[in-house]
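Thank you all for coming. Please take a moment to look at the sequence and the structure on the screen before I begin.

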Amino acid sequence: MVKKILFVCLGNICRSPAAEGVFKQKLKERDLEKLFVVDSAGTGGWHVGNLADPRMRETALSRGIELTSRSRKIDESDLYEFDQILVMDNDNLAAVKSLIKDHKSPVNSKIKLILSYSKNSHLEEVPDPYYGGQNGFDKVIDLLDDAIDGLIDSLMD
Ligand code: 4NP
């Protein structure tokens, strides 16, 4: 059975496209591409249709990851379409959960903070790099690289 994974941030131009790229790269390295469908989305719609932020694309490329996705806004139907929804911070978590109409729905348990899968970091959230410097973009990739190893391990259990 193919599993469908969705990464979510605010604008879908920095953190979640990076998560999508890191996840796809790791699937390729482990020859697991056939087992997963991967996508990303934003809780806000300001950048719909745009490629990822050039700073994020450049940082990912420096680690051998090409980001090609275009921004889209999350839709209620994504809650049912995807098996796991990994968000970057608590604001994203609240925004995605606000799309659920029935608060007892099993959909609730699909939605998690990506850093809950970290092996080496105790941070809870992936900090938004948009208004900061290069360090923030490097940090995004470092945090995602670690957490996505943990995520893939849990998915393959
Ligand atoms: P992201 O970063 O949520 O990681 O894609 C942001 C991108 C754009 C904005 C904020 C955060 N913005 O305010 O336009």
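I will talk first about the ligand and its surroundings, and then about the aromatic rings. Please keep in mind throughout that this is a predicted model.

Let me start with the place where the ligand sits, because the space that the ligand takes up is the second largest pocket. The residues that surround the ligand include Cys 9, Gly 11, Ile 13 and Cys 14, and also His 47, Asp 128, Tyr 130 and Tyr 131.

Which atoms of Leu 10, Asn 12 and Arg 15 lie close enough to count as polar contacts with the ligand? For Leu 10, a polar backbone atom is 2.9 Å from an oxygen atom of the ligand, and for Asn 12, a backbone N or O atom lies 3.2 Å from a ligand oxygen. With Arg 15 the contact comes from the side chain, where a polar atom lies 2.8 Å from an oxygen atom of the ligand. Of the 360 Å² of accessible area that the ligand has on its own, the protein covers 92%.

Now to the rings, where the count comes to three aromatic pairs. In one of these, Tyr 130 and Tyr 131 are arranged edge-to-face, with 4.8 Å from centre to centre and 85° between the planes. Are these two tyrosines buried or exposed? Tyr 130 has a relative accessible area of 27%, so it counts as partly exposed, whereas Tyr 131 reaches 77% and therefore counts as exposed. Tyr 130 also has Arg 55 over the face of its ring, at 5.4 Å from the ring centre. Finally, Phe 7, Phe 23 and Phe 36 form one aromatic cluster.

Note on methods: Residues numbered from 1 in each chain as written. Predicted model: local features only at pLDDT ≥ 70, side-chain atom pairs only at ≥ 80, totals over all residues. Heavy atoms only, no water. Phe/Tyr/Trp six-rings, centres within 6.5 Å; stacked < 30°, edge-to-face > 60°. Buried < 20%, exposed > 50% of the residue type's maximum accessible area, 1.4 Å probe, protein only. Lys NZ or Arg CZ within 6 Å of the ring centre and 35° of its normal. Near = heavy atom within 4 Å. Polar contact = N/O pair within 3.5 Å; in protein donor to acceptor, adjacent residues only side chain to side chain. Areas by Shrake-Rupley, 256 points an atom, 1.4 Å probe, with all protein chains shown as cover. 1 Å grid on protein atoms, 1.4 Å probe; cavity = no way out; pocket = protein on both sides within 12 Å on 5 of 7 lines; lining within 4 Å. Sits in = over half its atoms within 2 Å of the grid points.
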